[in-house]
Amino acid sequence: MALTIIGATRLDAWRRIINDHCYISDTELITSSGANDVDFSLASVEAGMMDVERYSGPDSATRRTWHHIRQKPRESYLLWFPQNGHVIITQDQERESMIERGDFFVTYGNRPHYARSTSGGGDPCTQLFVWVPAHVMRSTIPEIDDLCGRKFSGGQGPGSIGANLFGQLLDQADHCPPDTLASLGEAALNAVRDAVRVNGQAPHGGSNHRSGSFERVMRYIDQNFTKQGLTAEQVAHDCNLSLRSFHYLMRSMDIGFAAYLRTKRLNQARQWLNDPEFVRFNIVDIAYMSGFPNASYFSNAYRNEFGTTPREMRRSIEGSIMASRNVI
């Protein structure tokens, strides 16, 4: 399978490549010169269902927001392996980590993140990226959503093996058949999984009275409740349960899937409506981001749950913001 190399010599052309090839985001240069004429390149190869890429270019910053996600969702996880320089990265505006060569990081394509990549010298900034479909990543590392935003060591042991294997996939892509690349990609991802466990970052615990299946189902729903069109069939399938077993499990715990899903979405929507950081999003945006199919259904469900409409809630928070500004 041939290696694909994409290049650009101007920032505006590079932005179009990223938007088409990866995901929609805002990319800016952070070099001191601020020059627009620079060299970017992205080498990529398919390893089974994964895409392995190597970026080389100037110091830059990339921001992916809810607005971008709504325009172009991507149900994939992204592994970051700095090769030259370092990356300061934040997922969901919650954790900021600096990763260097020997470290790695995971972000989720359908959650906001901000990354600032610098080389720290005259050489271009170089990074290894691996796009992993969500269902592949979650079956390999079930706790992955709790681990996004955490820094992991890959300088030795399984993390180093995983990074080296992914790098070899790129270096030897023209000399390997697709089946070999797929097998090596799977081995590399398994090494990353082991590195996560060696680092001791995987969360433990949970309610002892709940079965393993119930824990898995509830974790899956809590991680995916904002996804449009989420169904019981999809949850059962992705949690390796028959639909009948899924419904029996939920009934045994006295939980209705539809009601639980609606409540999760409404509570998330209320949180965003009350957050001054989200004032820039209109009601339709909030409805979509929370998983509701349209603003009308969202508004009715919100009023039934909280006794007020989303628009009335939004006016209240906007009034509070204006009042605080007047005081200042």
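**Close-up views of a predicted model**

A search of the whole structure, which is a predicted model, finds 16 aromatic pairs. The legends below take up one of these pairs and then turn to other parts of the protein.

**View 1. The ring pair of Y23 and W131.** The centres of the rings of Y23 and W131 are 5.2 Å apart and their planes stand at 85°, an angle over 60 degrees, so the pair counts as edge-to-face. Although the two residues are 108 apart along the chain, the pair brings together the loop between α1 (11–21) and β2 (26–29), where Y23 is found, and strand β11 (residues 125–133), which holds W131. Are the two partners buried or exposed? Y23 has a relative accessible area of 5% and is buried, and W131, at 3% relative accessibility, counts as buried as well. W131 also has a charged neighbour, since R74 lies over the face of its ring at 3.8 Å from the ring centre.

**View 2. Other aromatic residues.** One aromatic cluster is formed by F292, Y297, F298, Y302 and F306. In another place an arginine is found over a ring, for R70 lies over the face of Y288, at 5.3 Å from the ring centre.

**View 3. Strand β11 and its covered faces.** How many of the nine residues of β11 are buried? Nine of the nine are, so the strand is largely enclosed by the rest of the structure. This holds for both of its faces: on one side C125, Q127, F129, W131 and P133 are buried, and on the other side T126, L128, V130 and V132 are buried too. Strand β4 (residues 50–57) pairs with β11 in the antiparallel sense over seven bridges, and in this pairing D51 stands opposite W131.

**View 4. Strand β6 between two partners.** Strand β6 (residues 76–84) is mostly covered, with seven of its nine residues buried. Which strands does β6 pair with? With β11 it is joined by eight bridges, and the two strands run antiparallel; in this pairing F81 has L128 of β11 as its bridge partner, while P82 has Q127 of β11. With strand β9 (residues 103–108) it is joined by four bridges, and this pair also runs antiparallel; here the bridge partner of L79 is V106 in β9.

**View 5. The nonpolar cores.** The largest nonpolar core contains 33 residues, and those with the most contacts inside it are V52, L79, F81, M137 and F166. Which helix supplies the largest share of this core? Helix α6 (residues 178–198) does, with six residues. Apart from this core lies another one, of 21 residues, which includes C22, W80, V87 and F129.

**View 6. V52 and S44 in contact.** When residues up to four places away in sequence are left aside, V52 touches A43, S44, V45, A47, L128, F129, V130, F166, L169 and L170. One of these neighbours, S44, lies in strand β3 (residues 37–47) and counts as buried at 8% relative accessibility. Seen from S44, and again not counting residues up to four places away in sequence, the residues touched are L3, T4, H21, V52, E53 and L170.

**View 7. C148 in its loop.** C148 lies in the loop between α4 (144–147) and β12 (151–153). Is this loop residue, C148, buried or exposed? Its relative accessible area of 7% is under the 20% limit, so C148 is buried. In space, C148 and R111 are 9.9 Å apart from C-alpha to C-alpha, and in sequence they are 37 residues apart.

**View 8. The protein as a whole.** The protein contains 13 helices and 12 strands, and of its 328 residues 46% count as buried. Among the contacts between residues at least 6 apart in sequence, 73% join residues that are at least 24 apart. The protein exposes about 16100 Å², and carbon and sulfur atoms supply 47% of this area.

Technical notes:
Residues numbered from 1 in each chain as written. Predicted model: local features only at pLDDT ≥ 70, side-chain atom pairs only at ≥ 80, totals over all residues. Heavy atoms only, no water. Buried < 20%, exposed > 50% of the residue type's maximum accessible area, 1.4 Å probe, protein only. Contact = heavy atoms within 4.5 Å. Areas by Shrake-Rupley, 256 points an atom, 1.4 Å probe, with all protein chains shown as cover. Phe/Tyr/Trp six-rings, centres within 6.5 Å; stacked < 30°, edge-to-face > 60°. Lys NZ or Arg CZ within 6 Å of the ring centre and 35° of its normal. Core = buried A, V, L, I, M, F, W, Y, C linked by side-chain atoms within 4.5 Å. Pairing = 2+ DSSP bridges.
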